Amino acid sequence: MSSLDGVAHPELPRNAWRIDMSSRSLRVWVRVFLTASSIAVLVAAIGPVARADDSAALLKAMADYTAGQKSITASFDSDIEVITPELEKIQLSSSGQFKMTRPDKLRVKRTGGYADVELVYNGKTVSLYGNNAKAYVQADMPGTVDQLIDGIQAKTGGALPGADLLLSNSFEVLTSDIIEGHHVGQGVVDGIECEHLAFRGHDTDWQIWIQAGAQPIPRKYVITSKTLAGAPQYSLRIKDWKTDAIADAAAFDFKPPEGAIKASLEDDVMLEFDEVPPGIAAGASK
């Protein structure tokens, strides 16, 4: 006899409870299936929803959001690691601000221990001013911010780390050399909850922390070189992100400070524009 409720009941066969649970489970699963079906119909009506662990979808959402902003202003902190001729890893830090109005206005200022530089672009002319050298260079580069970034990288042979986050086709550029990627999980950058993604390429691995929620703002970006000994890294942390004010076009016109001299790209004074002082990196001239 069994007595679960204080009332005596005849003993049930050993498998009776299993049979009852099976039928109960069946009813539960039917209700779950109907609920899931209703959700599926609702999702189909709304459109595709990115999974929280889908690295490509999260990166695409960030790229689309950034490309869709007419105006962006922000500040940043950056760190670059270099390997000395003695194979010692050294990290150099700088901070700066940037403002951009699509499609053809950009102003970036960066101040570090070895360079205090500013880039100004008004859609026709790009100007680069070095405060330490009290000198500037200029070049005619009519076009867009995208074309400016591509042009600088093509003419100098160097990269502009972080600039690819501002491109209108940043998703295509960021994923052009990807071998694999995955969603690491959640992280917090400057008190902001972020989605942490990691990607592997042929020459570099990189990570990005994207603000969670309706505004997928890039908050941290780390690039690791795999072709150099010691695997030096470049990291960028973005703060004070604003998209609600379009800067006056005059803010993108460069006016040389009093006493500044105009130099050429071939002049030695251009060394003053480099974030890394001469002689500190392996292979650099002393």
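Start by selecting Asp 240, which is partly exposed, with a relative accessible area of 48%. Keep in mind as you click around that this is a predicted model. Asp 240 sits in strand S11, residues 233-242. Check its backbone: phi is positive, about 55 degrees, although Asp 240 is not a glycine. That's worth a pause, because most residues other than glycine have a negative phi.

**Zoom out**

Now show the whole chain as a cartoon. You should find 4 helices and 12 strands. Of the 286 residues in the protein, 37% are buried. The accessible surface comes to about 16,700 Å², and carbon and sulfur atoms own 56% of that. Among contacts with a separation of 6 or more, 48% link residues 24 or more positions apart.

Next, colour by confidence. The mean pLDDT of the protein is 80, with 74% of its residues at 70 or more. Confidence is highest in S8, at 98, and lowest in helix H1 (residues 16-46), where the mean is 36. Select residues 1-51 as well: the pLDDT is below 50 over this stretch, which has 13 contacts in the model beyond near neighbours in sequence.

**Walk across the sheet**

Select the strands and follow them from one edge to the other. They form an open sheet of 12 strands with mixed pairing, in the order S7-S8-S9-S10-S11-S1-S2-S3-S4-S5-S6-S12. At the edges stand S7 (178-189) and S12 (261-262); each has a single partner strand, so one side of each is left without a neighbour in the sheet.

Step in from S7 to S8. S8 pairs with S9 in the antiparallel sense over 7 bridges. For one of the rungs, pick Arg 200, whose bridge partner in S9 is Asp 205.

While you're here, click His 196 in strand S8, residues 192-201. Is His 196 buried or exposed? It is buried, with a relative accessible area of 12%, which puts it under the 20% cut-off for that word. Show side chains and look for the polar contact between the side chains of His 196 and Gln 207, at 2.8 Å. Leaving aside residues up to four places away in sequence, His 196 also touches His 182, His 183, Val 184, Gly 185, Ile 208 and Trp 209.

Carry on to S10, residues 218-225. Here 7 of the 8 residues are buried, so the strand is largely enclosed by the rest of the structure. On one side, S10 runs antiparallel to S9 (residues 204-211), joined by 7 bridges. Select Trp 206 and its bridge partner in S10, Ile 223. S9 and S10 make a hairpin with 6 residues between them, and Gly 213 in the turn has a positive phi of about 110 degrees. S10 also pairs with S11, again antiparallel, over 5 bridges. To see that pairing, select Val 222 and Ser 235, its bridge partner in S11.

**Into the core**

Which residues touch the most other members of the largest nonpolar core? Select Leu 59, Met 62, Leu 148, Trp 206, Ile 208, Tyr 221 and Trp 241, out of 42 residues in that core. Trp 206 is the residue you just saw bridged to Ile 223.

Centre the view on Met 62. Residues up to four places away in sequence aside, Met 62 touches Leu 165, Leu 174, Ile 208, Ile 210, Pro 216 and Pro 218.

**A few loops to finish**

Jump to Pro 103, in the loop between strand S2 (89-101) and strand S3 (105-112). The peptide bond from Arg 102 to Pro 103 is cis, with omega near 10 degrees.

Now pick Gly 123, in the loop between strand S4 (116-121) and S5. Gly 123 is buried, with a relative accessible area of 9%. Apart from residues up to four places away in sequence, Gly 123 touches Asp 104, Met 141, Pro 142 and Gly 143. Try a distance label, too: the C-alpha atoms of Gly 123 and Gln 147 are 9.7 Å apart, with 24 residues separating them along the chain.

Last stop: Lys 134, in the loop between strand S5 (125-130) and strand S6 (135-140). Its phi is positive, near 55 degrees, in a residue other than glycine. Lys 134 is partly exposed, with a relative accessible area of 44%.

Conventions
Residues numbered from 1 in each chain as written. Heavy atoms only, no water. Helix = DSSP H or I, 4+ residues; strand = E, 2+ residues; numbered from the N terminus. Buried < 20%, exposed > 50% of the residue type's maximum accessible area, 1.4 Å probe, protein only. Polar contact = N/O pair within 3.5 Å; in protein donor to acceptor, adjacent residues only side chain to side chain. Contact = heavy atoms within 4.5 Å. pLDDT = per-residue confidence, 0-100. Pairing = 2+ DSSP bridges. Areas by Shrake-Rupley, 256 points an atom, 1.4 Å probe, with all protein chains shown as cover. Core = buried A, V, L, I, M, F, W, Y, C linked by side-chain atoms within 4.5 Å.
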